[in-house]
Amino acid sequence: MVHLILSTLFKIYIDYNQNTVFTDPGEEVYFSGTAGLSCVPPTTVNATFTVPVTALSGPTRMRVINQEGGQGSATTIVPCGSYGYGETEDYVVNIVTPSPYDPAVQNINVPTGTCFTANETVTVQVANYGSNTINLSTNPVTCTLEVNGPLGPVNYFGTLSSGTLNAYGATTQTLTFNNVNMFDGGSYCLNTTLTIGSAGGVVNGSLTNDSLFAPVCRSNFRPTAGPDYELCQFDMIPFGQGLTVSGCATPILDSQTIVLTIAPTTNPTATFTNRSCIICNGCIAHFATGFIDTELRFYCHQFIYPIGWLGQ
Ligand SMILES: [Ca+2]
Ligand SMILES: [Ca+2]
């Protein structure tokens with residue numbers, strides 16, 4: 001028999017007071033909602049919740065329940081119940097007592113797209129996960145933004161030196177980094193580290209939250225310009241060599257028209273009879289129709305170097 005109920009519900013419980021039951025107020029930390037979630041195709045659930053300041057520290061039981069059917073009611077799932085189809089999994093989470101002062105990075109906002117300049121603007125949001133307010137006039141927070149690009153890592157620095165960062169992440173401040181150089185073609189990955197002024201004995205409670213778990217990465221498809229290239233028989237042409245590409249609003253990933261200018265010097269009257277002989281790895285390449293004396297064109301999908309000319 002085929003089971004046709006394809007909707008499911010999720011709940012998450014955490015035993016914050018560690019009394020071995022999940023029914024205390026606030027211990028149901030997530031419910032996926034009465035609308036139900038699709039099983040086919042599968043649904044990815046992202047749950048967010050805030051650990052209360054009253055939570056006991058140390059290893060703590062977390063229960064995740066996925067139950068099929070019963071949508072439409074918020075009470076279908078209970079911490080200790082029974083159901084037909086579904087799964088219950090228990091985990092141990094470690095609840096850590098906040099440090100007095102703990103500046104942390106929440107987000108690194110990098111422009112999107114595939115074409116970047118030497119003057120990009122990147123913003124970094126900083127919070128304080130400590131239990132005490134940070135007075136930035138007394139204890140400024142300095143952020144180092146590392147931009148690891150095709151030419152190697154470059155650091156940019158910014159400092160928050162006025163206002164406050166309230167305890168438990170209640171407020172954030174934003175640092176703006178202007179003129180971030182992402183001009184050259186290639187991959188860029190950005191991440192941060194933080195330091196805090198030590199006046200009054202203040203220390204950074206945790207270094208792990210001073211960086212994002214995974215850096216923010218972008219790819220700039222701007223071709224790297226090269227000098228004019230003399231095309232000879234059997235030559236291979238490195239990417240960018242002899243090609244004039246202005247900007248990169250359209251990434252070099254799909255159909256591109258690339259013009260190769262050929263100046264025969266030994267025989268000015270030569271004609272290019274083997275016009276189908278230019279190859280372009282991983283792509284479809286052919287000449288434009290019609291006879292072109294000193295200019296050959298081909299169209300390329302997914303231009304992958306090297307290309308080479310096998311003609312005469
Ligand atoms: Ca409990
Ligand atoms: Ca920190």
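**Walking through an all-strand model**

Start at one spot in strand 13, where L190 is the bridge partner of V147. That pair sits in a predicted model, and it belongs to the antiparallel pairing of strand 9 with strand 13, which runs over 8 bridges. As a reminder, strands of a sheet pair through backbone hydrogen bonds, either parallel or antiparallel.

Zoom out a little and you find an open sheet of 4 strands, in the order 10-9-13-14, with antiparallel pairing. At its edges stand strand 10 (152-160) and strand 14 (216-220); each has a single partner strand, so one side of each is left without a neighbour in the sheet. Neighbouring strands here are turned by 25° against each other on average, with direction ignored.

L190 turns up again when you look at packing. The largest nonpolar core has 26 residues, and L190 is among those with the most contacts inside it, along with V122, V124, V126, V141, C143 and L145. Several strands feed this core with two or more residues each: strand 6 (103-109), strand 7 (120-128), strand 9 (141-149), strand 12 (172-180) and strand 13 (186-196). L145 is a handy residue to click on: leaving aside residues up to four places away in sequence, it touches V122, V124, N155, Y156, F177, L190 and T192. There is also a second, separate core of 5 residues, which includes I12, Y13, Y16 and F22.

Now for a contrasting spot. Strand 4 (residues 58-68) and strand 5 pair in the antiparallel sense over 10 bridges, and within that pairing I65 stands opposite T88 of strand 5. Is strand 5 buried, or in the open? Of its 10 residues (86-95), the number buried is 0, so strand 5 lies largely in the open.

What about the chain as a whole? It has 0 helices and 19 strands, and 22% of its 312 residues count as buried. Among contacts between residues at least 6 apart in sequence, 70% join residues at least 24 apart.

Finally, a word on confidence. The mean pLDDT of the chain is 78, and 70% of its residues reach 70 or more. Over residues 226-230 the pLDDT is below 50, and this stretch has 8 contacts in the model beyond near neighbours in sequence. Residues 238-247 are also below 50, with 19 such contacts. Where pLDDT is low, the predicted coordinates should not be read in detail.

Terms used. Residues are numbered from 1 along each chain as its sequence is written. Chains are lettered from A and ligands numbered from 1 in the order in which they are written. This is a predicted model: local features need pLDDT of at least 70, side-chain atom pairs count only at pLDDT 80 or more; totals for chains, interfaces and linings use all residues. A residue is buried if 20 or more other C-beta atoms lie within 10 Å of its own, exposed if 12 or fewer, and partly exposed in between; C-beta atoms are placed from the backbone. Two strands pair if DSSP finds at least two bridges between them. A nonpolar core is a set of buried Ala, Val, Leu, Ile, Met, Phe, Trp, Tyr and Cys residues joined through C-beta atoms within 7 Å. Two residues are in contact if their C-beta atoms, placed from the backbone, lie within 7 Å. Axes are lines fitted to C-alpha atoms, for helices over the stretch in contact, and angles run from 0 to 180 degrees between N-to-C directions. pLDDT is the predictor's confidence in each residue, from 0 to 100.
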